[in-house]
Amino acid sequence: QIYHTARELSESPDFDEESQGLHQTIGSLLDEVASLTNKKHLGKFVFGGVQTLSGTHANASPFNTNLDAAGFISGATQNPRGINGEYTIMIDEGEEFRINISAGAIFQPNGAEGAEDMFDVVSDIRQAISGADVATLRTEIAELEQVIERVQRENARFGVRIQHLERVDEQKSSEEVSVAAHLSNVEDADIAELVMNMQILQTGYQASLRTFGQTLQPSLLNFL
């Protein structure tokens, strides 16, 4: 929404007339985007790296927004305890599987206020619209295109990772059924409980991965 709104406005011959009030719309959309970057799943931050809990320390959210004098988001700083830590699980002998992503690499690849900082880019678009600055608006639209492409690439990678985990899940389920059948006469209850617990655990990991994917696409991309 932000991209298409800004792009159409930048190409309009009636820029001054059509831009009236649109900066407020962009500001509201950025609020929605910021909310998504701090989204929680099962009480934990999706983009928090290994710092997934609110805790008691200051600035615990993955991204802590800064507001300008008018109350609009002007940028964001990352949780000082880090948001890019890798959370991995062992899904097979010798194979670790990462189930989170580096939020900084997606939203602020060059650090806060660096090039392609999503928060800064959208904030600059809002200010350009407010100030009827077409040249700056077009420059920031090109930056936003890079942000969107980066989110799309990460979403595609997540799709591949989810498919891989599902294949491993199918393989393990088949192995578990085979083992359970072989030992059923010996340890019926124990094996049945083990299989059930494994399936619950795998389903939980898949759900976590899908939460990342659903947040990136379509939710986040809808607003960008």
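Buried here means under 20% relative accessible area, a cut-off applied below to a model that is predicted.

**View 1. Buried and exposed residues of helix H1 (residues 2–10) in the predicted model.** Within helix H1, the buried residues are Ile2, Tyr3, Ala6, Leu9 and Ser10. Viewed down the axis of H1, these buried residues fall within an arc of 140 degrees, so they line one face of the helix. The exposed residues His4 and Glu8 are carried on the face of H1 that is turned away from its buried side. An α-helix has 3.6 residues a turn, so residues three or four places apart point the same way.

**View 2. The contact of helix H3 (residues 22–37) with helix H5 (residues 118–130).** The axes of H3 and H5 come within 8 Å and cross at roughly 170 degrees; because angles over 145 degrees count as roughly antiparallel, the two helices are therefore described as roughly antiparallel to each other. On the H3 side the contact is made by Leu22, His23, Ile26, Gly27, Leu30, Val33, Ala34 and Thr37, and on the H5 side by Met118, Phe119, Val122, Ser123, Ile125, Arg126, Ile129 and Ser130. The residues of this contact divide into ten nonpolar, five polar and one charged.

**View 3. The surroundings of Thr37 in helix H3.** Thr37 has a relative accessible area of 0% and is therefore buried. Its side chain reaches the backbone oxygen of Ala34 at 2.7 Å. Leaving aside residues up to four places away in sequence, Thr37 touches Phe47, Pro62, Phe63, Phe107, Met118 and Phe119, and Met118 and Phe119 also belong to the H5 side of the contact between H3 and H5.

Definitions and conventions. Residues numbered from 1 in each chain as written. Predicted model: local features only at pLDDT ≥ 70, side-chain atom pairs only at ≥ 80, totals over all residues. Heavy atoms only, no water. Axes fitted to C-alpha atoms, helices over the stretch in contact; angles between N-to-C directions. Helix = DSSP H or I, 4+ residues; strand = E, 2+ residues; numbered from the N terminus. Parallel < 35°, antiparallel > 145°, perpendicular 65-115°, else oblique. Contact = heavy atoms within 4.5 Å. Nonpolar A, V, L, I, M, F, W, Y, C, P; charged D, E, K, R; others polar. Buried < 20%, exposed > 50% of the residue type's maximum accessible area, 1.4 Å probe, protein only. Arc of directions from axis to C-beta. Polar contact = N/O pair within 3.5 Å; in protein donor to acceptor, adjacent residues only side chain to side chain.
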